[in-house]
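Good morning, and thank you for coming. I should like to take you through one structure, beginning with a helix and what covers it, and then turning to a sheet.

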Amino acid sequence: MAKLTKKQKEAASKIEKNKLYSLKDAAALIKEVASAKFDESVDIAVRLGVDPRKANQMVRGVVALPHGTGKDVKVLALVTPDKEAEAKEAGADYVGLDEYLQKIKDGWTDVDVIITMPSVMGKLGPLGRILGPRGLMPNPKTGTVTMDVAKAVLEVKAGKIDFKVDKTGIIHAGIGRISFDADKIVDNAHEIIQTLIKLKPTAAKGTYIKSIYLTSTMSPAIALDPKAV
């Protein structure tokens, strides 16, 4: 087991063991214990009382974070020529079709989100084995397969993210940066938690939100009180 650095020990000492923090206190504490020289990502992990192996207990959705993620999201718009100008004007970083499909076949995946049109999805099918494992395959449910390409690009750039429960029943999501004010971290965390509550499957029994943790790239996790949020 790797030894903790002096900074890591100091950060851990500020977090009370077995204490469940309010969202407001956790947001303030996460900023206090961050010690990296770069602008760390702030992440949330929510353990849900669901069985992801059952289709009727799958939790997946999208949420528009009020203050964005703080990350410069690289967007690829795979569109037909008549939609290229629209995508570029909305701020897509890469715009085109066949040339980018070939680049992906050759192994290029240096983007965060791919937005496309229903008529193009047939061409993306064979690339599923490349895009799927990286979470890049466009999906109508997340708004990344649409005829309103400009709107989709603008929403993603503004902080719209999609999430999906993993096989252990946990939702992981980036909700900001350490440079954010604590209030902004609270707002973003609250938005995704409330979205998860609305998405509770009717088949899920017992406690739905079992635990919530807030963490940054280099800091220990801070446990939140699920009942308080």
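When I speak of contact, I mean heavy atoms within 4.5 Å. Please bear in mind that this is a predicted model.

Let us begin with helix α8, residues 182-198. At 1.5 Å a residue, its 17 residues should span 24 Å, and the end C-alpha atoms are indeed 24 Å apart, so the two values agree. Which residues of α8 are buried? They are Ile 185, Val 186, Asn 188, Ala 189, Ile 192, Ile 193, Thr 195 and Leu 196. An α-helix has 3.6 residues a turn, so residues three or four places apart point the same way. The cover over the buried residues of α8 includes two elements from the list of helices and strands that I would point out now, α2 (23-33) and β1 (41-48). It also includes β2 (60-64), β6 (160-164), β7 (170-177) and β8 (209-216).

I turn now to the open sheet. Three strands form it, in the order β4-β3-β5, with parallel pairing. Why do β4 (94-96) and β5 (113-116) each have one side without a neighbour in the sheet? Both stand at the edges, and each has a single partner strand, so that side is left free of a neighbour. From one strand to the next, the twist averages 15°.

Strand β3, residues 75-78, is joined to β5 by four bridges. Within this pair, Leu 76 stands opposite Ile 114 of β5.

Two helices complete the picture. Helix α7 (residues 149-158) packs on the sheet and touches β3 and β5, its direction making about 165° with that of β5. Helix α4 (residues 98-105) lies across β3, β4 and β5, and runs at about 115° to β4.

Definitions and conventions. Residues numbered from 1 in each chain as written. Predicted model: local features only at pLDDT ≥ 70, side-chain atom pairs only at ≥ 80, totals over all residues. Heavy atoms only, no water. Pairing = 2+ DSSP bridges. Axes fitted to C-alpha atoms, helices over the stretch in contact; angles between N-to-C directions. Expected span 1.5 Å × (residues − 1). Buried < 20%, exposed > 50% of the residue type's maximum accessible area, 1.4 Å probe, protein only.
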